[in-house]
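Please look over the notes below with the model open. They start with the cavity lining and then turn to two helices.

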Amino acid sequence: EGAFTMGRVASDLMKKLCGAEAEILPRIYLLIYGMINIYKEPWQASLCKYSEAFDAGMISGDTEYALSNITLYYMLSLFNCGSNLKETSQSLHKFVKRALQYQHQIAARTLAISEQMAHDLMGLKKNCYEAHFGLDEEALKNFFVRNKLANMSRNLYQKIKYVTYMCGDMDAAAKHYDLQEALNANCSVQATTGRTSFFFISTFIDG
């Protein structure tokens, strides 16, 4: 409750002191709507804020946080927010290209995971990782594990768990849950440092 209240205070102060198009808006919104409000409000309520933050970041040149916000937009829109999967996958493909253009590899990989999830939920046998990185999902997973990229591994395992769960394969979902827990135990430092917005969202999804 305290964090939720202070988030509102921070948003109001930013608008009063810096105006509605403040350069810091993408960073403030990522914190408020990516790490606080998801525990308090329906996910759908935050989607427009991520979109607003993306536009503000692109205008101000803060491409890193602009892409972080659009990444959250699509992650949440795919998790039970009723988004059209075909339209979402097409938009994600464009944003992956854009992230690569700006050389933001983490955002590009996270967006690609969401794009692949949209394909999988539609039942399409399409490997978007090949188009973007020249890899398949297993190779991408091994790359994350080998380099102890806990946040990225968590995103990928979360995607696999969600798809297998939605397809009714509980054994596969449980298997990847155990693999993810083992990975987190070995990569605890990386899993809890830096900008861990994806970590918190995945934790919330896991319950």
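1. Start with helix H6 (105-121). H6 gives 4 residues to the lining of the largest cavity, the most of any contributor. Bear in mind that this is a predicted model.

2. Two elements each supply two or more residues to that lining: helix H6 (105-121) and H9. The lining of the largest cavity comprises 10 residues. Nearest the centre are Met75, Phe79, Ile113, Ser114 and Asn155.

3. What is the character of the lining of the largest cavity, by nonpolar, polar and charged residues? The split is 4 nonpolar, 5 polar and 1 charged.

4. On volume, the largest cavity encloses about 90 Å³. The structure has 1 cavity of 30 Å³ or more.

5. Now H9 itself, residues 150-166. Burial is extensive: 15 of the 17 residues in H9 are buried. The length checks out too. At 1.5 Å a residue, the 17 residues of H9 should span 24 Å, and the end C-alpha atoms are 24 Å apart, so the two agree. After H9 comes Gly168, with a positive phi near 85°.

6. Which residues of helix H8 (residues 137-146) are buried? They are Leu140, Lys141 and Phe144. Their arc around the axis is only 100°, so they sit on the same side of H8. Note that a lysine, Lys141, is in this buried set.

7. One backbone point remains for H8. Lys148, just after H8, adopts a positive phi of about 55°. Please check Lys148 and Gly168 when you view the model.

Technical notes: Residues numbered from 1 in each chain as written. Predicted model: local features only at pLDDT ≥ 70, side-chain atom pairs only at ≥ 80, totals over all residues. Heavy atoms only, no water. Buried < 20%, exposed > 50% of the residue type's maximum accessible area, 1.4 Å probe, protein only. Arc of directions from axis to C-beta. Expected span 1.5 Å × (residues − 1). 1 Å grid on protein atoms, 1.4 Å probe; cavity = no way out; pocket = protein on both sides within 12 Å on 5 of 7 lines; lining within 4 Å. Points joined across faces, edges and corners; volume = space filled by probe spheres on them. Nonpolar A, V, L, I, M, F, W, Y, C, P; charged D, E, K, R; others polar.
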